[in-house]
Every structure is written in C-alpha cells, then in structure tokens.
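Trainee: I should like to examine how the descriptive terms applied to a model are justified. May we take them one at a time?

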Amino acid sequence: TLMAGLNWSFDLCTPQERTLWTRLSVFSGCLEIEDAEQVCSGGVIAREDVLNAVAGLVDKSVLIRTERQGRVRYRLLETVRQYGRRKLVATGADQDLRRRHRDWYLRVAETSERTWMTHEERDWLARLQDEHPNLRAAMEFSLSEPHEARAGLVIATALANYWHATGNLAEGHHWLTKLLEAAPEPSPIRARALWADTRCNILLGDIPAARRIARQCAIVARQTHDATALALAIQAIGLVEFMGGDLTRAAKYLGRALTDFRALGDRYGTWYTLFLLCATEASLGETEGAARHGKECLDFSESEGAEWSRSQALWVVGTSHWMAGDWLAAVPHIMESLQLKQDLNDHWGTALCIDVLAWTGAAAGQYARAATLLGAARGLWRLTGSSPASLRPVGPSHRHCEAETRAALGAKAFTAAFRRGARFDRRQAIAYALREKDPTPGCVIP
C-alpha cells in the first residue's frame, strides 16, 4: 500500500520534480535551497529551476518545509527518501550524485573552518549542527569509495573546532582515525588531521594516545616542510605536555608555537596558543604571564567579534583568577562565558563553566549549591564523553571541591543535592548556574 501511494505521488510529479526527488535522496537530514542548487542542478533541471521544483514537491507533500530562526530548510521523510534513492540507483547516477554531494559539503566544511575567530563563527556553528547528518554522509562516501578518503580527511579536519565546540569528541576521533587509516600518505592535510586527533584524544582524557599522535604529527610536518603544519605540531606537543603535567616543557613549546603562528599571520592558531599559554602559566603560578596572555586572548576574540572564541577566552581568564587564589575575580568572567554559551549548544564549554562555578560556590560556603552544580556538570560531561578528573587544570580543583563539599554537607545531603543537579537538562543547568551572579561568603542560595 505504501509503495502504491509513493508510485502515485511520483506519477503526479512533473519530469523536473521527479528528477529532483531522486537527486534529493542523497541528502541526509535537512537541506536549504542553495544545497539543492549546488548538488541537484544539471541536465533537465537548470539551477534557476530548482526553486520552482522544490515548491512543487512541497505542494505535493513530498518535501517537508520547516523554518527556524529565519532559515528555511527542507527534508524528505525517510520512506520517501529511500524511494527516491531506489529510483536514482536505477538510473545509474547514484555515485555521481553522492560525489557531488560530498564535494559540496567539503566546500561547506572548508568555508566554516575559515570563519573561526571571526564574527561569523556563531552562525556557522549553528549551521554545522544542522548540516551534521550531511557532513557525516559525505565522510561515509569518502570511506566507501576507492581513492576518495583524502577528501573525507579534509572534511573531518576542517571540523576540528566543531568537534570541540559541540562536545562531539568521540565522533570526531572516530572519523579522523578511520580516514587517517584510509589516507596514509604524508601531506600537510595529514599533519593537520593528526593535530585535530591529538586534541580529540586530549579532551577525551587519553593522554598516551594523544602523545603518540602528536609525535606522528611532528614527523609528518617535518616530512612535508609545511610551516603551518610544523606550528600545529609544536602546539600539539605543548598541549600534550600541559595535560601530562610537564608544565615547564609545555610553556616552552607553546611559546615557540605562538611565535610561529604570529609570523604566519594565523589568527586561530595565535588565539588558541594564547589560550593554552594562559592556562599553562596559571598552573605554573606565573600570574603575570597568565594575565598578559589571557588578556591578549580575550582582546583578540573581542576585536574579531568571535562569540564562541570569546566565551572560551573568558573561561580561561576566569580560571586563571581562580588558580591565583582570587575566586571573586573569577566569578564574573565565568558567568559571562556561560551567558554567551546559552545559545551556542556548547556542551563542552558549558560543563567547564558550571564546574568552575561549583568551585567558587564551595569557596563562598554555598555547599548545597556547589553540590547541585557538580551534579549538573556531571550530566554535561557525560554528553562529551569526557571527565573533569582527567583534565588539567580542571581535575585538581574539581576533586578538591567535591571532597570539601561532601565533608561539609555529609554524604546524605551531598548526594541529594548532587542528584538534583544531575536531573537538570542543559537549559535548566545554565539557568540554575546563572541565578546568583555575585556570590559572597555567607550568602544563602536555595
């Protein structure tokens, strides 16, 4: 009965609408008009005819139209998409359309990479979240076809900041690992992919794997004599040393990476190295260096109008205040960071902010609040596949806060407050964390 209904709908379509229906089947999830024009036009469908054909498919309920935050997107129901795919395969054009789809999302990923540290990064972060199923399909195609893996590796690497910002670290590691295995040739893109996978492993708490991959990154960078790849390799080694606990060695590598990125005019490389240097120097107790590099990191993101980068810079500056023993100075920076993250769907950064606010809550004597925040952060950490206990500079303060809070409240009260926070969804956790903007010793927050 379902097949008869689909056949009936297909027969009602014009020749252009039928062709578009079959070609749209290569998309996963949603798409916009531009996506359809880039991938599906050609032959019987001129680019300028795509919009009318889309409208016809919407009128016939083949395509579902949705609108969110001023953006109009379309999708095929899965049964309708599978019907279209069978028709497309029957024409022999399936592989060509899947390759066109992959090539388009390769361009999307590369364009998004260039927007980090600009005023566009927030909009592109939202777009990448919408395009996630299509980006995944593009990487799957690259792995499934001979000699196509390198294009998939470019996509996975271009999404390095996306994997971080959204907490999709395990998935990022999955794609990078598979594509690195499928495209083993030394090249600048391989070095960059190894750098990206180093970050994923570090943030997932696997320092031995990150160290091994960072060394591979350095080897490939030297083989290719690519200046950017060399700077990334040095930064990756500095990051591994920082997380592994050799702070002096980390500061040395990161200082060298900062010099190299400045010379290259690499905005994101410079900003991220400043971020890491601030955290490293704060951990070393070098408050002047941490303050200087933290301020430059924050000023850089503010001057570019880069909201996600600014939220990260606010976090590292606030955390450096905490590590210097000034929790009151830490609070406004962490609060502002969390406010920026409300609309960014940044699980990773949100967990970081709420964790730090738990520490400051305990420092203020607000132990029930601190326990609730620890519980709220736990749920977010699980979404990222990571744990604060394995992360520097978060781990020691997290463990101290939990022990102090448990001792102050007693096991029963601590567990009740912790479980309350663990039941929060992301929106509720943020609302609770932002409830008191300026805690002071002795104040009581329910």
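Mentor: Let us begin with a pair of charged residues: Arg 73 and Glu 32 are both buried. Please bear in mind that this is a predicted model.

Trainee: What makes the contact between Arg 73 and Glu 32 a salt bridge?

Mentor: The closest N and O atoms of Arg 73 and Glu 32 are 3.1 Å apart, and the cut-off is 4 Å; the contact therefore qualifies as a salt bridge. Arg 73 lies in strand 3 (residues 71-76), whereas Glu 32 lies in the loop between strand 1 (30-31) and helix 3 (33-40), so the bridge ties together parts that are 41 residues apart in sequence. Both residues also belong to a network of salt bridges that includes Asp 35, Arg 68 and Arg 127. The structure holds 28 salt bridges.

Trainee: Why are Arg 122 and Glu 307 said to tie together separate parts of the chain?

Mentor: Arg 122 lies in helix 7 and Glu 307 in helix 17 (residues 307-323), so their salt bridge joins parts that are 185 residues apart in sequence. Their closest N and O atoms are 2.5 Å apart.

Trainee: Why is Arg 122 called partly exposed?

Mentor: The relative accessible area of Arg 122 is 27%. Buried requires under 20% and exposed over 50%, so Arg 122 falls in between and is partly exposed. Glu 307, at 28%, is partly exposed by this reasoning.

Trainee: Why is the aromatic pair of Phe 10 and Tyr 83 called edge-to-face?

Mentor: The planes of Phe 10 and Tyr 83 are 65° apart, and edge-to-face begins at over 60 degrees; the name therefore follows. The centres are 5.7 Å apart, which is within the 6.5 Å required of a pair. Phe 10 belongs to helix 1 (residues 2-12) and Tyr 83 to helix 5 (residues 78-91), 73 residues apart. Both Phe 10 and Tyr 83 are buried.

Trainee: What makes the pair of Tyr 268 and Trp 271 tilted?

Mentor: The angle between the planes of Tyr 268 and Trp 271 is 35°. Stacked needs under 30 degrees and edge-to-face over 60, so the pair counts as tilted. Both residues lie in helix 15 (residues 267-284), three residues apart, about one turn of the helix. Tyr 268 and Trp 271 are members of one aromatic cluster, which includes Trp 116, Tyr 272 and Trp 308.

Trainee: How do you know that Trp 271 is buried?

Mentor: The relative accessibility of Trp 271 is 1%, and buried means under 20%; Trp 271 therefore counts as buried. Tyr 268, at 12%, is buried as well.

Trainee: How do you know that the span of helix 13 agrees with expectation?

Mentor: Helix 13 (residues 227-244) has 18 residues and should span 26 Å at 1.5 Å a residue; its end C-alpha atoms are 26 Å apart, so the two values agree. Of these 18 residues, 14 are buried. Gly 245, with a positive phi near 105°, follows helix 13.

Trainee: What makes the phi of Met 117 worth noting?

Mentor: Most residues other than glycine have a negative phi. Met 117 is not a glycine, yet its phi is positive, about 65°. Met 117 is found in the loop between helix 6 (94-113) and helix 7 (121-144). Its relative accessibility is 0%, so Met 117 counts as buried.

Technical notes:
Residues are numbered from 1 along each chain as its sequence is written. This is a predicted model: local features need pLDDT of at least 70, side-chain atom pairs count only at pLDDT 80 or more; totals for chains, interfaces and linings use all residues. Side-chain values use heavy atoms; hydrogens and water are left out. Rings of Phe, Tyr and Trp (its six-membered ring) pair if their centres lie within 6.5 Å; planes under 30 degrees apart count as stacked, over 60 as edge-to-face and the rest as tilted. Helices (H or I, at least four residues) and strands (E, at least two) are DSSP runs, numbered from the N terminus. Buried means under 20% relative accessible area, exposed over 50%, partly exposed in between (1.4 Å probe, protein chains only). The expected span of a helix is 1.5 Å times one less than its number of residues. A salt bridge is a side-chain nitrogen of Lys or Arg within 4 Å of a carboxyl oxygen of Asp or Glu.
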